[in-house]
Amino acid sequence: MSTDAATKDKVVSKGYKYFMVFLCMLTQAIPYGIAQNIQPLFIHPLVNTFHFTLASYTLIFTFGAVFASVASPFIGKALEKVNFRLMYLIGIGLSAIAYVIFGISTKLPGFYIAAIICMVGSTFYSGQGVPWVINHWFPAKGRGAALGIAFCGGSIGNIFLQPATQAILKHYMTGNTKTGHLTSMAPFFIFAVALLVIGVIIACFIRTPKKDEIVVSNAELAESKKAEAAAKAKEFKGWTSKQVLQMKWFWIFSLGFLIIGLGLASLNEDYAAFLDTKLSLTDVGLVGSMYGVGCLIGNISGGFLFDKFGTAKSMAYAGCMYILSILMMIFISFQPYGSSISKAAGIGYAIFCGLAVFSYMSGPAFMAKDLFGSRDQGVMLGYVGLAYAIGYAIGAPLFGIIKGAASFTVAWYFMIAFVAIGFIILVFAVIQIKRYQKKYIAEQAAKANAK
């Protein structure tokens with residue numbers, strides 16, 4: 001009986017497993033890229049077309065982030081019970097419908113609803129979907145590398161999606177980038193079709209392993225478990241989540257990360273609205289492409305920086321990169337429209353900002369374990385990520401409010417202050433937590449020796 005079962009089982013090749021990684025990367029590059037990464041490029045055309053304020057329109061990012069955060073745990077539970085391919089298609093369908101709603105909306109509530117549906121939909125196939133696929137095909141060795149490759153897709157997609165989006169917008173706009181408005185909402189329908197078609201094609205191939213498929217041999221699994229056990233024996237076990245919540249330095253750390261979120265939201269969501277007032281659509285698309293290149297390098301190098309230099313130095317480096325990127329924006333704000341030096345400074349912003357993207361992409365996961373240990377790692381990751389998410393959700397509309405009351409230049413001054421203060425608080429808190437951690441480890445060792 002067992003012999004028959006063994007003959008029926010199929011060993012999956014590494015090539016096929018990495019084909020699944022490629023499909024995840026493609027998911028991040030196109031469906032997710034359309035659903036999330038190109039939305040900031042529509043801000044200025046829509047604000048001009050419908051006479052919204054920047055603060056009121058950028059609330060779409062706040063509402064989308066909040067609703068997606070609430071929906072994410074439920075989607076994760078549903079993945080355990082519902083066929084993955086069906087869940088993937090539901091998410092693709094929701095994001096495509098969201099773009100249709102964008103295309104037929106003329107009032108803010110319509111855009112808010114579309115943003116919520118789009119962000120929740122992307123959670124099905126990206127936020128929850130990609131890790132779900134990778135974890136099933138790589139249950140042991142190679143999971144980290146596979147996840148890294150898969151999530152690089154978003155950066156790769158930016159390289160070609162950003163200029164393509166600007167080219168399409170230019171075709172359906174009249175006037176210059178400062179005062180130009182849309183003559184048609186066709187771009188939304190174009191991207192809805194592209195997202196749906198590419199998503200359905202990917203869904204035809206992407207899947208989780210079947211019951212009779214062996215994705216890792218017994219020898220590899222045993223080796224992985226042995227290595228994992230050895231690593232766990234050396235790692236800092238840490239404190240429980242309740243103990244961490246009683247630490248004052250945890251709250252100071254969280255405050256720093258929240259303030260950082262206030263400053264970084266504008267860099268991700270409002271950069272295009274600002275650059276549209278200083279550069280042509282083609283040049284803004286080029287800046288977006290370079291941002292994709294910077295993010296690609298930043299995501300890959302982030303893990304190395306954390307492993308080599310630790311949390312404090314790596315986050316200090318990220319803070320310096322973000323300050324340089326905002327300084328580029330401040331410099332551009334004093335230049336006339338179409339200045340060639342503004343184009344160079346825009347590319348500088350894109351590279352500096354992209355190099356530091358690891359601070360909020362892989363940063364929370366690394367910091368949660370490095371600072372507070374592995375005991376309640378999942379819970380602590382939620383706490384660390386929540387602080388940044390709150391700041392991020394407030395930051396986008398806050399930038400619009402400041403810009404509306406004063407100017408883009410003043411708003412950038414506020415953002416550079418948030419980033420500088422936030423990173424200083426966070427790095428100082430990290431240093432204090434690491435000192436407390438060393439003291440705690442020494443005390444625990446002393447108690448163990450006394451026994």
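Where is the kink in α17 centred, and how many degrees is it? Work through this and the exercises below on a predicted model.

**Ground rules**

In this predicted model, local features need pLDDT of at least 70 and side-chain atom pairs count only at pLDDT 80 or more, while totals for chains, interfaces and linings use all residues. Residues are numbered from 1 along each chain as its sequence is written, and side-chain values use heavy atoms, with hydrogens and water left out.

**Exercise 1. Find the kink in α17 and compare the helix with a straight one.**

Step 1. Helices are DSSP runs of H or I with at least four residues, strands are runs of E with at least two, and both are numbered from the N terminus. Helix α17 covers residues 281-333.

Step 2. Take the expected span, 1.5 Å times one less than the number of residues. A straight helix of 53 residues would span 78 Å. The end C-alpha atoms of α17 span only 17 Å.

Step 3. Look for a bend, the angle between axes fitted to the seven residues ending at a residue and the seven starting there. The kink in α17 is about 125 degrees and is centred on Gly310.

**Exercise 2. Compare two residues of α17, Asp307 and Ser333: is each buried or exposed?**

Step 1. Set the cut-offs: buried is under 20% relative accessible area, exposed is over 50%, and partly exposed lies in between (1.4 Å probe, protein chains only).

Step 2. Asp307 has 64% relative accessibility, so it counts as exposed. Its C-alpha atom is 9.2 Å from that of Phe366, 59 residues away in sequence.

Step 3. Ser333 has a relative accessible area of 12%, so it is buried. Leaving out residues up to four places away in sequence, Ser333 touches Phe274, Lys278 and Thr409. Contact here means heavy atoms within 4.5 Å.

**Exercise 3. Describe how α17 packs against α18 and α15.**

Step 1. Axes are lines fitted to C-alpha atoms, for helices over the stretch in contact; angles between N-to-C directions run from 0 to 180 degrees. Under 35 degrees counts as roughly parallel, over 145 as roughly antiparallel, 65 to 115 as roughly perpendicular, and the rest as oblique.

Step 2. Helix α18 (residues 340-355) packs with α17 at about 25 degrees, with axes 6 Å apart. The two are therefore roughly parallel. Their contact has 23 nonpolar, 7 polar and 2 charged residues. Nonpolar means Ala, Val, Leu, Ile, Met, Phe, Trp, Tyr, Cys and Pro; charged means Asp, Glu, Lys and Arg; the others, Gly among them, are polar.

Step 3. The axes of α15 (residues 248-269) and α17 come within 12 Å and cross at roughly 160 degrees. These helices are therefore roughly antiparallel. From α15, the contact uses Phe257, Leu264, Leu267 and Asn268; from α17, it uses Tyr291, Met315, Tyr322, Ser325 and Ile326. By class, that gives 7 nonpolar, 2 polar and no charged residues.

**Exercise 4. Check the spans and bends of α6 and α11.**

Step 1. Helix α6 (residues 59-79) has 21 residues and should span 30 Å; its end C-alpha atoms are 29 Å apart, which agrees. A kink of about 35 degrees lies at Ser72, shortly before Pro73. Ser72 is also buried, and so are other residues of α6, including Ile60, Phe61 and Leu79.

Step 2. Helix α11 (residues 153-171) has 19 residues and should span 27 Å; its end C-alpha atoms are 27 Å apart, which agrees. It bends by about 35 degrees at Ile159, and Pro163 follows within four residues. Among the buried residues of α11 are Gly153, Asn158, Leu161 and Leu169.

**Exercise 5. Place Met173 and His51 in the structure.**

Step 1. Met173 is in strand β2 (residues 173-174). At 12% relative accessibility, Met173 counts as buried. Beyond four places in sequence, Met173 touches Pro45, Gly180, His181, Leu182, Thr183 and Leu281.

Step 2. His51 sits in the loop between α4 (43-50) and α5 (54-57). At 69% relative accessibility, His51 counts as exposed. Its phi is near 60 degrees, a positive value in a residue other than glycine.
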